[in-house]
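Here is a short set of exercises to work through with the model open beside you. Try each task before reading its solution.

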Amino acid sequence: MPFDPEEYLGEILGQPATKGFDPGARDYLCPFIDARCTKRSTSLGRVPYPVCSIRRNIRGKPSRVCVCPKRFYSVDFLTDVVDHCWPGEPPANPEIAPEVKMTGFGNVDFVIADIGQEGAIREFLSVELQAIDITGSVMPAYEALRADMVMEARPTYGLNWSNVYKRYITQLIRKGYFHHHWGTKIVAVMQDVVYDYICNWAEFMRSDDVKGSTVNIIFMAYRYEDDPNSSGAPKLVLDTIEGTSHANLQQAVLYKEAPSRDAFCQQIKRALHRSNDLIQSFEQ
């Protein structure tokens, strides 16, 4: 049974994934950063791997899922941050600092700072972009798409949801704690399907009053929407702006409802059974 790569890939270089499309003919130019695509795959070496989004069923609904943070550059998310998240009066002289790093803190993608006289920073907000990683690979679909062919086997791939809470949420709690002590906030920019997953997984307290003093972590989620003015290419539209505190998020993560003790005991028995089988195989 043949498999159509267009059913698994969403966008290539910001364009709808269609068979026969050759990103090399465009020198892998990413329209969102106006430069050569920075995404890479170990199997391609230095050649870009310009997959912006993939197709995946999310809770039974076909969805386009962003897998490259540069995709958010198609919207003016920094202006959205100022308009919707800046506490108090709008900044008088906002400037944007990319890739701010510090030992003991890590790094953030952007900081929007309100600069006063003699370069003093009066107020600032940090901004982080978050796409989701793929488990497995859509490389067979990408190669078939470029070759204008179908695949003989379905590509094996998924979404790395575990990495969202094992790495990203843990870092966000930590950075939210620092921003709380600095008297400011950090804004997490992501797609709606990722934010929905976080909300369903952690069930933390959320607030629409993102400018309030009790909020130090703000989630700003965008959704894909068809854009009839762009030859079938979708656009990102601001969907949700909600806030929480590092303490609320941490509590929701650490104190989730415990699974059944009996179910865990069954897992212990299965592990013991596997171990005993392995020992017996060595003895034979």
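**Exercise 1. Find what share of the contacts between residues at least 6 apart in sequence join residues at least 24 apart.**

Solution. In this predicted model, 64% of the contacts between residues at least 6 apart in sequence join residues at least 24 apart. Next, put the chain itself beside that figure: six helices and 14 strands make up its secondary structure. Finally, the C-alpha trace spans about 75 × 55 × 35 Å along its principal axes.

**Exercise 2. Work out how confident the predictor is, and which elements have the lowest and highest mean pLDDT.**

Solution. Start with the whole chain: its mean pLDDT is 91, and 96% of the residues reach 70 or more. Then go element by element. Helix α6 (residues 261-283) has the lowest mean, at 75, while strand β12 (residues 185-191) has the highest, at 97.

**Exercise 3. Describe the largest nonpolar core and name the helix that gives the most to it.**

Solution. Begin with the members. The largest nonpolar core holds 51 residues, and L9, I12, F204 and F219 touch the most other members. Helix α4 (residues 192-202) is the main contributor to this core, with eight residues. Apart from this core lies another one of 24 residues, including F77, L78, I112 and V189. As background, nonpolar side chains in soluble globular proteins tend to be buried together.

Now zoom in on I12. Setting aside residues up to four places away in sequence, I12 touches A17, F21, P23, P50, V51, C52, Y142 and L145.

**Exercise 4. Decide whether α4 is largely enclosed or largely open, and explain why.**

Solution. First, use the cut-off: a residue is buried when its relative accessible area is under 20%. Second, list the residues of α4 that pass: D192, V193, V194, Y195, Y197, I198, C199, W201 and A202. Third, draw the conclusion: nine of the 11 residues of α4 are buried, so this helix is largely enclosed by the rest of the structure. For comparison with the whole, 44% of the 284 residues of the chain count as buried. Just after the helix comes E203, with a positive phi near 55 degrees.

**Exercise 5. L13 and D34 both have a positive phi. Which is buried and which is exposed?**

Solution. Take L13 to begin with. L13 sits in the loop between β1 (9-12) and β2 (15-16), and its phi is near 50 degrees, although L13 is not a glycine. Its relative accessible area is 3%, so L13 is buried.

Now turn to D34, in the loop between β3 (29-30) and β4 (35-36). D34 is not a glycine either, and its phi is about 55 degrees. The relative accessibility of D34 is 63%, so D34 counts as exposed.

**Exercise 6. Locate A233 and say what surrounds it.**

Solution. Look in the loop between β13 (217-226) and β14 (234-244), where A233 is found. With a relative accessible area of 6%, A233 is buried. Beyond its neighbours within four places in sequence, A233 is in contact with G14, P16 and D227. As a distance check, A233 and I33 are 200 residues apart in sequence, and their C-alpha atoms are 17 Å apart in space.

**Exercise 7. Summarise the surface and the charges of the chain.**

Solution. The accessible surface comes to about 15,900 Å², and 50% of that belongs to carbon and sulfur atoms. For the charges, count 31 positive and 36 negative; their mean positions are 6 Å apart.

Notes
Residues numbered from 1 in each chain as written. Predicted model: local features only at pLDDT ≥ 70, side-chain atom pairs only at ≥ 80, totals over all residues. Heavy atoms only, no water. Core = buried A, V, L, I, M, F, W, Y, C linked by side-chain atoms within 4.5 Å. Buried < 20%, exposed > 50% of the residue type's maximum accessible area, 1.4 Å probe, protein only. Helix = DSSP H or I, 4+ residues; strand = E, 2+ residues; numbered from the N terminus. Contact = heavy atoms within 4.5 Å. Areas by Shrake-Rupley, 256 points an atom, 1.4 Å probe, with all protein chains shown as cover. Lys, Arg positive; Asp, Glu negative; His and termini not counted. Charge placed at Lys NZ, Arg CZ, Asp CG, Glu CD. pLDDT = per-residue confidence, 0-100.
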